[in-house]
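Here is a short tour of a structure for a reader meeting it for the first time. Look at the picture, then follow the text part by part.

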There are 2 protein chains.
Amino acid sequence: MTSGRVTIADVARRAGVSTAAVSKVVRGAYGVSAEMQAKVTQAIDELGYRPHAAARALRGRTYTLGVMLSDTRNPFFPDIIEGVTGRLADTEYQVLLGPGGIEPKTQARMTDAMIDRSMDGLILISPVMTDAELAAIATATPVVVVGRHGGAAAYDAVVDDDVMGAGLVVDHLVGLGHTRIAHITHLERARAQGLPHTVRAEGYRQAMRAHGLADDVLATSFTEEGGFEGARELLARDDRPTAIFAGADIAALGVLRAADEAGLSVPEDLSVAGYDNIGIASLNRISLTSVDQDGHVIGATAARLLVERIEGRTRSVTSSVSPTLIVRGTTGPPRP
Amino acid sequence: MTSGRVTIADVARRAGVSTAAVSKVVRGAYGVSAEMQAKVTQAIDELGYRPHAAARALRGRTYTLGVMLSDTRNPFFPDIIEGVTGRLADTEYQVLLGPGGIEPKTQARMTDAMIDRSMDGLILISPVMTDAELAAIATATPVVVVGRHGGAAAYDAVVDDDVMGAGLVVDHLVGLGHTRIAHITHLERARAQGLPHTVRAEGYRQAMRAHGLADDVLATSFTEEGGFEGARELLARDDRPTAIFAGADIAALGVLRAADEAGLSVPEDLSVAGYDNIGIASLNRISLTSVDQDGHVIGATAARLLVERIEGRTRSVTSSVSPTLIVRGTTGPPRP
DNA sequence: AGTATTATGTAGAACGTTCTCCATTGTTAG
DNA sequence: CTAACAATGGAGAACGTTCTACATAATACT
C-alpha cells in the first residue's frame, strides 16, 4: 500500500485465487476456466493492475524491444521508427530507443545497457562496430541489423538495395545526357564494413562502368559541410563534372550551396542528386532529386523479423528493400 | 554458465567473498577495506561482470532515465537529446527514449510503460495530457516537463521563454518598418494547456499591443501544409500583411512556398520569420529568420533537474531559458 | 464401477540484486 | 585489563514475477 504499486498478489487476494492463477490469466496461458478468467480480469480492472516489467525480466520476457540509433540527427530515422512502432502497435511489445551516438564506444555502451535491461530483442540501425562485436551481441539477444550489408550469420538484416539505388541515379543522369558524373562519398571508417556509403559508391562505379563511363569518386563526409567542400573541389577542376551524385541528401544540400556560391545554376549548369529522400528534399526551394528508401517498410520489416526471431526462428534472414528514384528539379539535361 | 550471464554470485565465488560484499563494492557503499575493494574489482574485470538492471530494479535504482518524445519528427529534438545525454555522460545513468506519438492515448501508454519498467525518472517533452494526468505520473516517479508553461506543482519544468521569443520577432519586424504583421499558430487542442504555441501567440499579441498595432492571428497547424494554407489565406486578402510570423519553422517553410507560388519575392514583398531555428533554417536556399531555443541548454537543464530530484530535492523548480533571434535573409524592410 | 485421462488450480522455488541486521574483529578509553 | 566502540564482512530476507511439479476434480472409456 505504501509503495502504491498494485502487485499480482493484490489481484490474487481480491479475486480470491492464487498468484499463479493470476499470472496464467495475465499471460493468457493454458489451463484457465472461463469463470477464473472473468474473476481475475475484473479484479485487474478494479485495481488497475499493470505487470511490473523488471520483475518479469527476472524470469522471462520483458516485452521491450530496443532500437539503437547511431545518429539521432539522421533525418530519415523517424520513418524507420514509425515503421517499427506501427508494426508493433497491436502487440504487447513496447519500443524504446537508445541514442548510441556516432562513436563505436558509445554505441557499444548503449547496446550493453540495453542487454543489461534484458530487452527481448534489439534493432541496430547502421551500427558502427566490428562483425565480431555484432556477433557477440547477437549471441546475447535476438538482433536485427538495419542498413548494413553482408555478414548476417547470427542475426537478421534489413538493407536498402544501395547498389540498385546508385544505379537508378546514374541511369537517370546518363539518360539525360551526362557523361561526367562525380560521386561524393563518406570517408571510410576503419572498423565497420558493409556500410551504405561503401555500397552506394560501389553501385555507382558498377553503373558507370556499365555505361562505359569513367568513374570519379571523392570521399569527404556525409554532412552539409562535407558536400560543400567536396563540390567546391570538383567544381574547381578544368573539366568539371556536369552532374554530382552525393551519397546522402545532407551532403547534396552542401553541393547545392557550393553551386549557388559558384554562380552555377541548377540544373542548367550542374545537376545534383542525393540519396535518402529526406523530408526537406521535397521543399520547393530545394526540390532535390533523390533515392527514396521507404523507411516505413524498412522499419516494419525489421520489427517483423525481430519478433519472428524472438518467437523461435533460428534460420537467419536478410531482407532487401528496393529503393525508388524521385526525380525533382535539381536534375536536367546538361548544357549542350 | 548456460545462460552466459555473469552474476554477482560468480564474482563473489571468484573473489572468495560474499555476494553482499560484492554488492557493496559495486555500489561504492560504506564499509569496504582497500584489500576487499581490490580483490572484488579484479574479479569483476576478469569475469566481465555487469549488473543486471532488472534485478536491481526489484530492489532499488535502475539507473535508467526515460525521455518521452511527443513527436519523433520534430527537428529540434536531437538537440535536446544531445543536451540530456551530454549532461549524463559521466554518470551511471542511461537514457532511453520513448516514442510517444502525437495522441494523448499513446503518450499515456508510453509513460505507463516507462513507469512499469521502473525508470528512475522521466523527462516529458511537450506532453499532451491534462494536468491531472501529469500530476498522477509525477506521484509515481520524478518528472521534468519540457516545453509546457504553467502548473508545476509536483514536478519540475524547463520552458523556453516563448513570450520573449515572440516579442523578439515582433520588435525586429517593427524595427524594419512593418505594421501589418500576421501570426500563424497551431489549432488549440482541447486537453492540453500551456503549450508553446499558445504562449507564443499570446507573446505576439502582447508585443503588437505594446507597439500600438492590431494583431492578426490565424490558426492552422504546425506543419508545412498548415503554413502553406495559412499563408495562402493571408496573402489573398486586400490589405495583405507585409510580414508573417509563423509559430514554428516547419510552418514557415510552408509560408515560403506560398510566397513563391504567389510570385512574391522574399523579403522584398513579404518578410517571413519562424520559431525553433531548425537545422535547415540556415541552409542558404532557405535562410530563414528564426528564434533559437538552444536545445542543448534545455536538455542539459532538464537532466540536471531530474537528477537533483531523484537524489532528494522536493521543492519544485521551473527553469526558463531565454531564446535569441537569428536574423537571416527572409526578413527585411517592407517595400515602401 | 473402476480406471485412465484431461482440465483446472496451487505451492513454492527460482531469477539477481539490495539492504538491514548481526557477528566478528581490532582499537581506544578509562 | 575490561568496557565501549568503530570498522569490516556475511546471512538472509525481501522485491514481483514465471513456471515446474503436483494435487485435486471432472470427464471418458472399458
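H2(A) gives the most to the surface near DNA strand D, with five residues. This is a predicted model.

**DNA strand D**

Of the 28 residues around DNA strand D, five come nearest: A:Ile8, A:Ala55, A:Arg59, A:Gly60 and B:Leu58. Both chains supply elements here: H2 and H4 of chain A, plus H2, H3 (34-47) and H4 of chain B, each give two or more residues to this surface.

**DNA strand C**

Which residues come nearest to DNA strand C? They are A:Ser18, A:Leu58, B:Ile8, B:Ala55 and B:Arg59, out of 28 residues around the strand. The elements with two or more residues on this surface are H2 (19-27), H3 (34-47) and H4 of chain A, along with H2 (19-27) and H4 (53-59) of chain B. H2(B) gives the most, with five residues.

**Where the chains touch**

Chain A has 37 residues in contact with 37 residues of chain B. On the chain A side, five elements each supply at least two residues: helices H4 (53-59), H5 (77-88), H6 (104-116) and H11 (249-261), and strand E2 (94-99). E2(A) gives the most to this side, with six residues.

The table sets out the residue classes of the three surfaces.

| Surface | Nonpolar | Polar | Charged |
|---|---|---|---|
| Near DNA strand C | 12 residues | 10 residues | six residues |
| Near DNA strand D | 12 residues | 10 residues | six residues |
| Side of chain A that touches chain B | 19 residues | 10 residues | eight residues |

**A helix in chain B**

Now turn to H11 of chain B, residues 249-261. This helix has 13 residues. From its first C-alpha to its last it reaches 18 Å, close to the 18 Å expected at 1.5 Å a residue.

Why is H11(B) described as largely enclosed by the rest of the structure? Because 10 of its 13 residues are buried. The buried residues include B:Asp249, B:Ile250, B:Leu253, B:Gly254 and B:Val255. B:Leu256, B:Ala258 and B:Ala259 are also among them.

What do the buried residues of H11(B) pack against? Their partners in chain B are strands E6 (181-186), E8 (243-246), E9 (271-273) and E10 (290-292), together with helix H10 (224-235). Just after H11(B) comes B:Gly263, with a positive phi of about 75 degrees.

Note on methods: Residues are numbered from 1 along each chain as its sequence is written. Chains are lettered from A and ligands numbered from 1 in the order in which they are written. This is a predicted model: local features need pLDDT of at least 70, side-chain atom pairs count only at pLDDT 80 or more; totals for chains, interfaces and linings use all residues. Helices (H or I, at least four residues) and strands (E, at least two) are DSSP runs, numbered from the N terminus. The expected span of a helix is 1.5 Å times one less than its number of residues. A residue is buried if 20 or more other C-beta atoms lie within 10 Å of its own, exposed if 12 or fewer, and partly exposed in between; C-beta atoms are placed from the backbone. Two residues are in contact if their C-beta atoms, placed from the backbone, lie within 7 Å. Ala, Val, Leu, Ile, Met, Phe, Trp, Tyr, Cys and Pro count as nonpolar, Asp, Glu, Lys and Arg as charged, and the others, Gly among them, as polar. A residue is near a molecule or strand if its C-beta atom, placed from the backbone, lies within 6 Å of it.
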